[in-house]
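Colleague: I am new to reading protein models, and I would like to go through this one with you by asking questions. Could you explain your reasoning at each step?

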Amino acid sequence: MGSGGNKVSKSHIEEKKITHQRAPTSKPPFTLRQLKNAIPPHCFNRSLLRSFSYVLFDLTLSFLLYHIATSYFHLLPHPLLPYISWPIYWILQGCMLTSVWIIAHECGHHAFSDYQIVDDVVGLVLHTALLVPYFSWKYSHRRHHSHIGSMEGTKCLFQNLSLRCHVGWPLYLAFNISGREYDRFTCHYDPNSPIFSNRERLQVYISDLGIMSAIYVLYKIVMAKGFVWLVCVYGVPMIVVNVCVVLITYLQHTHPSLPHYGASEWDWLRGALATVDRDYGVLNKVFHNSTNTHVVHHLFSTMPHYHAMEATNVLKPILGEYYSFDATPIWKALWREKRECLFVEPDEDGAQNGVFWYRNKF
């Protein structure tokens, strides 16, 4: 659905009782500048040393998991133990690589350091290792932030969580599935794609060169170690990364109480507030608090993750009802959102035709 496009007729809608308090859609009584002034200035300071410490920590744990799996699993005394140990490794390694992905994401927002070149080099290396075209993603993700919450230029917003978890991320990169709508074929690997401006195309070539280099390294590993070895050590954890990235993103932007806006109602601040923080328990720390500080991230995307929790706590009383947080256990929330948030459309009474809400009944 675009701005009212693919709208389901009134006669085919079975109205669902609203069980969640809807987020306010009126113009907020505060400005972005007022929010920024309320946050302690040090929260916007980016420390190169501190940022690198998180990279080092994540990569050290990732290498430790790799070392244990490749050096000791085959020595386990009982023949069934490897069949138990490998799934544990896949999940833990997938979570650690997701945390690396999140640091690379921070580089794309220039939140890693004060030096753009450092952010881009670190982001390029980390994302390339995870088979993500860094610059291509960086520029399309920037457009996600600049149009957050807007239905303009959005493809038919119909959610299929199962499909997105399995193939959503590669399809997004290769065919812009679930991305913004363009008037011709769109691909993150194509420097001439309409996603990119002329000054961005050279960096897209650099991203492509990085991905081809990574694929060549993987090919050499297969020749040396075998395909099954690569799948077990790298391939399955990468699937876990794909699922984690999709689910985290899905839950940050999908909730029965969150609105989407058509052209007549949308403005950037209201769109940025149409996100939700969630509690992932211990995984909040593993994922660098990207899960429970996403609202402040959309308001101030250059703020480093290690200051985002403090900024969130400062802004909560100011945002008031405009701040969305859901402490529902994650698996329960996934089940609920999968059932209740299938597509969006305005209310039937037409009171606010430019405000769209999630539905699940045609």
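Colleague: Which residue forms a salt bridge with arginine 278, and which elements hold the two partners?

Modeller: Please keep in mind that this is a predicted model. The closest N and O atoms of arginine 278 and its partner, glutamate 337, are 2.7 Å apart, and a salt bridge requires such atoms to lie within 4 Å. The pair links distant parts of the chain, 59 residues apart. The partner is glutamate 337, and the elements are strand β2 (residues 277–278) for arginine 278 and helix α13 (residues 330–340) for glutamate 337.

Colleague: Are arginine 278 and glutamate 337 buried or exposed?

Modeller: A residue counts as buried when its relative accessible area is under 20%. For glutamate 337 that area is 0%, and arginine 278 falls into the same class as glutamate 337. Both of these residues are therefore called buried.

Colleague: Which residues are joined into one network by salt bridges that share partners?

Modeller: Besides its bridge to arginine 278, glutamate 337 meets the side chain of arginine 336 in a salt bridge, at 2.6 Å from N to O. Arginine 336 is buried as well, with a relative accessible area of 12%. The network formed through shared partners consists of Arg278, Asp326, Arg336 and Glu337.

Colleague: How many salt bridges does the count come to, and where do glutamate 200 and arginine 143 lie?

Modeller: The count comes to nine salt bridges, and one of them joins the side chains of glutamate 200 and arginine 143, at 3.5 Å from N to O. These two partners are 57 residues apart and belong to distant parts of the chain. Glutamate 200 is buried, its relative accessible area being 3%. As for the places, arginine 143 lies in helix α5 (residues 134–146), and glutamate 200 lies in the loop between α6 (161–175) and α7 (201–225).

Colleague: How many helices and strands are in the chain?

Modeller: To give the overall picture, the C-alpha atoms fill a box of roughly 65 × 50 × 45 Å along the principal axes, and buried residues make up 51% of the 362 residues. The radius of gyration is 21 Å, close to the 21 Å given by the globule rule, so the chain is as compact as a globular protein of that length. Within the chain there are 13 helices and five strands.

Colleague: What span does helix α3 reach from its first C-alpha to its last?

Modeller: Helix α3 covers residues 81–108, which is 28 residues, and at 1.5 Å a residue the expected span is 40 Å. The helix is mostly covered, with 20 of its 28 residues buried, and it is followed by histidine 110, whose phi is positive, near 60 degrees. The span in the model, close to the expected one, is 41 Å.

Colleague: Which residues does the UniProt annotation "transmembrane region" cover?

Modeller: The annotation comes from an unreviewed UniProt entry, while the secondary structure can be read from the model. Residues 87–105 are 100% helix, with end C-alpha atoms 26 Å apart, whereas residues 117–137 are 81% helix, with end C-alpha atoms 17 Å apart. According to that entry, the covered residues are 54–75, 87–105, 117–137 and 226–251.

Colleague: Which strands stand at the edges of the open sheet of three strands?

Modeller: The order in this open sheet is β1-β5-β4, and the pairing is antiparallel. Two bridges join β1 to strand β5 (residues 355–359), and histidine 260 stands opposite phenylalanine 356 in β5. The edge strands each have a single partner strand, so one side of each is left without a neighbour in the sheet, and they are β1 (260–261) and β4 (343–345).

Colleague: Why is cysteine 244 not bonded to cysteine 95, and how many disulfides does the structure hold?

Modeller: A disulfide needs two cysteine sulfur atoms within 2.5 Å, and the sulfur of cysteine 244 is 4.8 Å from that of cysteine 95, the closest cysteine sulfur, which is too far for a bond. Cysteine 244 counts as buried, at 14% relative accessibility, whereas cysteine 232 is partly exposed, with a relative accessible area of 21%. The number of disulfides in the structure is zero.

Methods:
Residues are numbered from 1 along each chain as its sequence is written. This is a predicted model: local features need pLDDT of at least 70, side-chain atom pairs count only at pLDDT 80 or more; totals for chains, interfaces and linings use all residues. Side-chain values use heavy atoms; hydrogens and water are left out. Helices (H or I, at least four residues) and strands (E, at least two) are DSSP runs, numbered from the N terminus. Buried means under 20% relative accessible area, exposed over 50%, partly exposed in between (1.4 Å probe, protein chains only). The expected span of a helix is 1.5 Å times one less than its number of residues. UniProt positions are given in the numbering used here, feature names are shortened, and annotations may be inferred rather than shown by experiment. Two strands pair if DSSP finds at least two bridges between them. The radius of gyration is taken over C-alpha atoms; the globule rule is 2.2 Å times the number of residues to the power 0.38.
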